[in-house]
There are 2 protein chains.
Amino acid sequence: MDLTTKLITAAEKLFDRHGYMATGMDRLTEAAGMSSRTLYKHAGSKAQLMALVLTERDRRFMARLEVKSVDALFAALEDWVRVEGTHGCLFLRSLAETGGDTPEIAQAVAAHKAAFRQRVSDVVAADLGREAPELAEQILILFEGATQAALYRGAGAVSTARSAAAILMSGARS
Amino acid sequence: MDLTTKLITAAEKLFDRHGYMATGMDRLTEAAGMSSRTLYKHAGSKAQLMALVLTERDRRFMARLEVKSVDALFAALEDWVRVEGTHGCLFLRSLAETGGDTPEIAQAVAAHKAAFRQRVSDVVAADLGREAPELAEQILILFEGATQAALYRGAGAVSTARSAAAILMSGARS
DNA sequence: CATGATGTAAAACGAACGTTTTACACCTTC
DNA sequence: GAAGGTGTAAAACGTTCGTTTTACATCATG
């Protein structure tokens with residue numbers, strides 16, 4: 001396994017579980033099994049490491065959302081939550097912890113959310129057979145709400161959002 | 001204005017804008033206009049200050065949600081976002097930044113979310129004229145989703161969630 | 001006028017922070 | 001076999017962290 005990959009994987013887990021600012025470089029080097037010298041050669045700085053983690057997570061997350069129906073969208077989120085657990089949206093959390101003041105992070109988050117929004121919009125349009133911007137926005141909100149509510153309501157929140165989405169979709173079809 | 005109130009008000013603003021861990025005690029004392037000695041006499045510790053902020057925010061937030069219809073629930077959220085701005089749910093953010101490892105914080109968050117869930121459930125039941133647990137959970141998810149999506153979609157996300165909630169409610173009525 | 005509570009200003013605490021540096025080992029590859 | 005790239009181990013950098021302490025001012029109440 002590539003050293004950079006090992007670093008990013010370890011960092012993502014620690015950031016997700018304990019928060020960004022609460023995760024020190026010592027813990028990162030130890031978890032990644034490398035010296036701090038090597039860590040800085042690969043990542044540059046903590047902020048850049050955060051951005052790297054976000055970029056990689058975007059790749060992995062968006063790959064899961066390559067689906068054709070709104071129902072499959074929420075099924076994919078159910079899978080994600082089951083496999084990865086749920087500590088909220090790592091992107092928005094990074095923004096909140098840095099106050100939006102770190103350019104490389106703010107940019108990675110903006111890129112992800114734009115892509116995510118486009119994906120939801122595309123899936124809704126494909127599922128419905130026509131563009132439906134307002135409905136797509138409602139589905140996006142259900143998706144975000146499921147991610148957030150799962151933090152204290154458990155994985156069932158995703159199933160609940162899924163059935164709500166089904167109602168909205170069937171309403172739009174008739 | 002009471003010193004403790006001034007402290008909590010200043011702390012809430014800083015925590016919300018820059019994050020919990022990123023806000024140092026120096027910035028807090030300066031913003032609250034008091035010495036660190038006084039701050040510690042009133043708050044005890046940073047973790048206890050965070051819990052105080054959360055408890056006070058719960059009081060203020062829940063007071064706004066004393067409404068009788070689901071539509072009014074989202075209208076109240078629109079007001080909240082307009083007045084207070086939107087940096088995500090301060091409760092879940094505190095949990096994420098501490099990894100859930102700080103008892104007083106975890107407890108304040110759990111208490112708030114339990115009260116919030118109960119409130120949503122009550123409003124849905126009053127609006128509909130009967131208990132509807134699954135529908136209440138869907139409305140809760142829309143509420144959380146609006147809060148979260150407003151971070152990058154703007155205040156319009158709340159209006160979108162509001163109309164989605166209206167659809168789900170009218171579907172449940174017929 | 002003494003007392004005790006409540007406040008400020010500022011220094012100090014040890015620990016942890018993100019980051020850099022020094023010194024050294026192991027490999028390829030020319 | 002010298003060179004250069006890539007890695008480790010560990011100390012050190014100066015800064016900032018959350019917290020405590022020291023010294024002093026103010027002011028109501030006995």
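The largest share of the surface near DNA strand C comes from α3(B), which gives 4 residues, where "near" says that a residue has one of its heavy atoms within 4 Å of the molecule or strand, and where helices (H or I, at least four residues) and strands (E, at least two) are DSSP runs numbered from the N terminus. Before I go on, please keep in mind that this is a predicted model, in which local features need pLDDT of at least 70 and side-chain atom pairs count only at pLDDT 80 or more, while totals for chains, interfaces and linings use all residues. Residues are numbered from 1 along each chain as its sequence is written, chains are lettered from A and ligands numbered from 1 in the order in which they are written, and side-chain values use heavy atoms, with hydrogens and water left out.

Let me stay with strand C. Around DNA strand C there are 16 residues, and those that come nearest are Met25(A), Arg37(A), Tyr40(A), Lys46(A) and Thr38(B). Of the atoms of DNA strand C that come within 4 Å of the protein, sugar and phosphate account for 53%.

Now to the polar contacts, by which I mean pairs of N or O atoms within 3.5 Å. A backbone N or O atom of Met25(A) lies 2.8 Å from a phosphate oxygen of DNA strand C, and a polar side-chain atom of Lys46(A) is placed 2.5 Å from a phosphate oxygen of that strand. From chain B, a polar backbone atom of Gly33(B) is 3.5 Å from a phosphate oxygen of DNA strand C. The elements that give two or more residues to the surface near this strand are α3 of chain A and α3 of chain B.

What, then, surrounds DNA strand D? There are 16 residues, the closest being Thr38(A), Met25(B), Arg37(B), Tyr40(B) and Lys46(B), and sugar and phosphate make up 50% of the atoms of DNA strand D that come within 4 Å of the protein.

Here a polar side-chain atom of Lys46(B) lies 2.4 Å from a phosphate oxygen of DNA strand D, and a backbone N or O atom of Gly33(A) lies 3.5 Å from a phosphate oxygen of the strand. With Ser36(B) we turn to a base: an N or O atom in the side chain of Ser36(B) is 3.0 Å from a base oxygen of DNA strand D.

As for the elements, α3 (36-43) of chain A and α3 (36-43) of chain B each supply at least two residues of the surface near DNA strand D, and α3(A) gives the most, with 4 residues.

Methods: A polar contact is a pair of N or O atoms within 3.5 Å; within protein, one must be able to donate a hydrogen and the other to accept it, and residues adjacent in sequence count only if both atoms are side-chain atoms.
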